[in-house]
Amino acid sequence: MDLQYFAELFLGGLTRGSIYALIALGYTMVYGIIELINFAHGEIYMIGAFTGLIVATVLTFAGFPTLAVLVLASVAAVVYSSCYGYTMEKIAYKPLRGAPRLSALISAIGMSLFLQNYVLLAQTSDFLPFPSLVPDLPFWEPYAHIISSQEIVIISVTALVMILLNLLIKFTRMGKAMRATSQDREMAMLTGVDVNRVISLTFIIGSATAALGAVLIASHIGQINFYVGFIAGIKAFVAAVLGGIGSVPGAVVGALVLGWTESFFTGYISSDYEDVFAFIFLVVILIFKPSGILGRSETQKV
Amino acid sequence: MLQIEDIKTYYGSIQALKGISLEISAGEIICLIGANGAGKSTTLMSICGVVPPRTGRIVFEGREIQHLPSNRIVELGIVQVPEGRRIFPYLTVAENLDMGAFLRRDKAAIEQDIDYIYELFPILAKRRHQAGGTLSGGEQQMLAISRALMARPRLLLLDEPSLGLAPLVVRQIFEIIAKINRENNTTIFLVEQNANLALQVAHRGYVMETGRITLSDSAAHLLANEDVKRAYLGI
Ligand SMILES: Nc1ncnc2c1ncn2[C@@H]1O[C@H](COP(=O)(O)OP(=O)(O)O)[C@@H](O)[C@H]1O
Ligand SMILES: [Mg+2]
């Protein structure tokens, strides 16, 4: 077996998995708190990518150094997408909180279509080039043939985000409130938790990590259009279900498993059926473990 | 301390409370008895703002609270131990207690209260790092009451604390309830199907039938009342 080829596929899968994880968090956390599959989450990601593109273009034109452009574009995307996520919950989901679940789901699909078409009108359907924002790290030169600086940055940023998020959920007051709310919302209310704030915070966090993922991957792949959120969203959704929807560690595991599956199957078997492998894998896992890899049956989520 | 005036509460189009009025004075233990489905739990959830009444007034220490969100009501000192205990199953015992003190900021006093709880229920101290869902029914009820105490309630609402527990544990729980009332001067509103036991610790009681209060009297009189005896005491 060619070890270097294997390493390439392994690291490529890790990179993909990282991005899926950043997006899957939004699906899984929202589901954990309000049992809604937020179909418009992919569009939040897409809006993050466009915000990043616009800010990066302006700043590059203004002569900012690449690294500053990367940071500022990411921050702008995170802030902008978070505002969208927050607002979306308030106008499309909160009014339906007491309604049957199907109503909220339909509202989510409506929101997704609305945002896609809004960006389609504003930005056309063409693929727009996205500048490469991650500079080649000089000290990384000797290993660049196995894994690029871009990929290193994606993997490390994801790891950092996951660690921070884990600390937040485990140890902070708000994190405890989030876990309590996901386990028993009414009881959380009875202890004085402002559930509306917890839900808003969940949408903000999910949107922020998706936007970060969007800027990183767009800069890696080099182009975006209004439809990127749909594809990435479906993949991340598969990752979340694979890991056990509602579970944060599950989303990460599901995302990595999906990333590696795609990478190894396309690398060793055929690249024609990349998406098919992912779905076959999903079906197989769900046959043997319907609640997902780390999913607890029913109650536990965040 | 608490006045409820003609509240009507609905679940969708189903009316669960058809005009409830009752009154609780500071320092009292008041019990509410009634058959399954009478609307006892709904009454408590209405007070706490989880299922707010559609009409009527709830006045706590002179201020109307029926429009307030649940977290504001907890802040005022009304704390509920709901039916079925509702322990957060994947939080540890210690984290469940932390959630009880969610709105408090006085770190040192919280620590003291936790020590007090662990003294009151040594079994909880032993299990402090265990997930709440792994406790036995009796231990969960102790944890549920402790979690409520962590909020330093002025009015404690207890929904069927004896439900599903062994007689010995029930006795222990009721002793604690009386003790909380005596030592902390906490006002207690106790909902029970176990009317005999409830009327023994309570000062006054209300009887509820299908969304209405049908009787209200001192506990001693209720215990002696022929209708109550027949319907709720199984005598
Ligand atoms: N979540 C709910 N949705 C619809 N109806 C409910 C709900 N909870 C209770 N009810 C109905 O309201 C009435 C009162 O219930 P409840 O307050 O739980 O009674 P109790 O606590 O006295 O047993 C019952 O008829 C019950 O079926
Ligand atoms: Mg009840």
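A residue is called buried when its relative accessible area is under 20%, exposed when that area is over 50%, and partly exposed in between. The structure described with these words is a predicted model.

The metal site shows how the terms are used. The magnesium ion (ligand 2) has two protein donors, B:S41 through its OG atom and B:E83 through its OE atom, and they lie 2.0 to 2.1 Å from the ion. The pair brings together distant parts of the chain: B:S41 sits in helix α1 (residues 40–47) of chain B, while B:E83 sits in the loop between β6 (78–81) and α3 (93–100) of chain B, 42 residues apart. How accessible is B:E83? Its relative accessibility is 31%, so B:E83 counts as partly exposed. B:S41 has a relative accessible area of 24% and is partly exposed as well.

Chain B, which supplies these donors, contains 10 helices and 10 strands. Its C-alpha trace spans about 45 × 40 × 35 Å along the principal axes. A compact globule of 235 residues would have a radius of gyration near 18 Å, and the 17 Å of chain B agrees with this. Of those 235 residues, 55% count as buried. Contacts between residues at least 6 apart in sequence can be sorted by how far apart the partners are; in chain B, 68% of them join residues at least 24 apart. The chain exposes about 10100 Å², and carbon and sulfur atoms supply 49% of that area. Chain B has 25 positive and 25 negative charges, and the mean positions of the two sets are 3 Å apart.

Chain A has another make-up, with 11 helices and 2 strands. Read from the N terminus, its elements follow the order α-α-α-α-β-α-α-α-α-β-α-α-α. The C-alpha trace spans about 60 × 50 × 35 Å along its principal axes. For 302 residues, a compact globule would have a radius of gyration near 19 Å; chain A has 19 Å, which agrees. In chain A, 52% of the 302 residues count as buried. Of its contacts between residues at least 6 apart in sequence, 79% join residues at least 24 apart. The accessible surface comes to about 13300 Å², with 71% belonging to carbon and sulfur atoms. Chain A carries 15 positive and 17 negative side chains, and the centres of these two sets lie 17 Å apart.

One helix of chain A deserves a separate look. Helix α6 (residues 173–183) has 10 of its 11 residues buried, so the helix is largely enclosed by the rest of the structure. Among the buried residues are A:M174, A:K176, A:R179 and A:Q183. What do the buried residues of α6(A) pack against? Within chain A, their partners are α1 (3–34), α5 (149–171), α7 (185–190) and α8 (195–221), and α3 of chain B joins them.

Two loop residues close the tour. A:E35 has a phi near 50 degrees, a positive value in a residue other than glycine. A:E35 lies in the loop between α1 and α2 (41–61) of chain A, and with 30% relative accessibility it counts as partly exposed. In chain B, the phi of B:E61 is also positive, near 50 degrees, and this residue too is not glycine. B:E61 is in the loop between β4 (55–60) and β5 (63–64) of chain B. At 43% relative accessibility, B:E61 is partly exposed.

Notes:
Residues numbered from 1 in each chain as written. Chains lettered and ligands numbered in written order. Predicted model: local features only at pLDDT ≥ 70, side-chain atom pairs only at ≥ 80, totals over all residues. Heavy atoms only, no water. Helix = DSSP H or I, 4+ residues; strand = E, 2+ residues; numbered from the N terminus. Rg over C-alpha atoms; globule rule 2.2 N^0.38 Å. Buried < 20%, exposed > 50% of the residue type's maximum accessible area, 1.4 Å probe, protein only. Contact = heavy atoms within 4.5 Å. Areas by Shrake-Rupley, 256 points an atom, 1.4 Å probe, with all protein chains shown as cover. Lys, Arg positive; Asp, Glu negative; His and termini not counted. Charge placed at Lys NZ, Arg CZ, Asp CG, Glu CD. Donors = N, O, S within 2.8 Å, 3.2 Å for Na, K, Ca; no water.
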